[in-house]
Amino acid sequence: MKVTQWIKFARTYAKPQTNLSPVIRWSRFKDYGRGVRRQSTLDHTCGLSLFGDDFINTFEPYLHLDHELLRRAFEVHDFGEGELKRDVMYLDKTHQKDADEYVAFKKRWQVLGRASWHRRREAFLLQFALENPKEFPDEARRVMRRLAKMHRFEALAFGVIEHWDYLLFALEQWEERKNPVVLCAVLTNCWEKFNGLARDFPGFSEVCWTLGFVRWALEFQEKHVKEYQRFLKAMEKKS
């Protein structure tokens, strides 16, 4: 390739490194109580890639998954946030915001050529494939329809791993800082999601959302409900 092409590659590959590190996650919790560990979107992407790989292997007795597709999805799933320089928290996500991130992601990465772009597009869209929001461009929706048909369990697995990674971060804040509100928030917001995955994803109720864990989570929420309510009121005053 020509030097000019390598320069284009260098600029493109640098963007996740420079764009993701300034985007800070969990900012809603940083000034409450003992706060939270600072986590950038680049930190999250690194952690999810490491955790996701082990998680896939843990579920091998229950079903076979396309490891390469999932690994690429872990790597690129938040690249759109970096392009738009924002982190959208779980409760604030909308299909339009997701579609905007896809468009920004596409603008950056399709310049590397058809084959490279198609691999990354498929990986990025895996997280949205089962919903296939109408706000996305038609070409993206066609890819998502195919992913939902051919890689349904990979799409479910991505949801399992990303949401359980939220839980791991929240558990860390409780263990290291004795800050219960992050874990209360994650459990409250993801409870129905975990119940659905226990029903739909083989092994989830045996490995993650076990009866013992559910009982512990219920007791934790009950014990810390008053502090969580104080946190919610504090957030209402700020908004």
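This passage describes three helix packings and one cavity in a predicted model.

Two packed helices are described by the angle between their axes and the distance between the axes. In the first packing considered here, helix H2, which spans residues 41-58, lies against helix H3, which spans residues 67-76, with an angle of about 160° and with the two axes 8 Å apart. Since angles over 145 degrees count as roughly antiparallel, that value makes H2 roughly antiparallel to H3. The handedness of the H2 and H3 crossing is right-handed. On the H2 side, the contact is made by Thr45, Leu48, Ser49, Gly52, Asp53, Ile56 and Asn57, and these residues meet His67, Leu70, Arg71, Phe74 and Glu75 in H3. When the residues of the contact between H2 and H3 are sorted by class, four are nonpolar, five are polar and three are charged.

The second packing involves helix H8, residues 152-177, and helix H9, residues 181-200, whose axes come within 10 Å and cross at roughly 150°. H8 and H9 are therefore roughly antiparallel to each other, and the crossing in which H8 passes H9 is left-handed. From H8, the residues that take part are Phe153, Leu156, Val160, His163, Trp164, Tyr166, Leu167, Phe169, Ala170, Leu171 and Gln173, and they meet Val182, Leu183, Val186, Leu187, Cys190, Lys193, Phe194, Leu197 and Asp200 in H9. The class composition of the contact of H8 with H9 is 16 nonpolar, two polar and two charged residues.

H8 also packs with helix H11, residues 211-238, at an angle of about 50° and with the axes of the two helices 14 Å apart. The helices H8 and H11 are therefore oblique to each other, and H8 passes H11 in a crossing that is left-handed. In this packing, Trp164, Leu167, Leu171 and Trp174 of H8 make the contact together with Phe213, Trp216, Phe220 and His224 of H11. By class, seven residues in the contact of H8 with H11 are nonpolar and one is polar, while none is charged. Trp164, Leu167 and Leu171 of H8 are thus named in the contact with H11, and these three residues are also named in the contact of H8 with H9.

Turning to internal space, a search of the whole structure finds one cavity of 30 Å³ or more. The space in the largest cavity amounts to about 40 Å³. The lining of the largest cavity consists of Lys15, Pro16, Asn19, Leu20, Phe79, Gly82, Glu83 and Trp109. Helix H1, residues 3-20, and helix H4, residues 79-84, each supply at least two residues of this lining, and H1 gives the most, with four residues. Sorted by class, the lining of the largest cavity has four nonpolar, two polar and two charged residues.

Terms used: Residues numbered from 1 in each chain as written. Predicted model: local features only at pLDDT ≥ 70, side-chain atom pairs only at ≥ 80, totals over all residues. Heavy atoms only, no water. Axes fitted to C-alpha atoms, helices over the stretch in contact; angles between N-to-C directions. Parallel < 35°, antiparallel > 145°, perpendicular 65-115°, else oblique. Left-handed = near helix turned anticlockwise from the far one by under 90°. Contact = heavy atoms within 4.5 Å. Nonpolar A, V, L, I, M, F, W, Y, C, P; charged D, E, K, R; others polar. 1 Å grid on protein atoms, 1.4 Å probe; cavity = no way out; pocket = protein on both sides within 12 Å on 5 of 7 lines; lining within 4 Å. Points joined across faces, edges and corners; volume = space filled by probe spheres on them.
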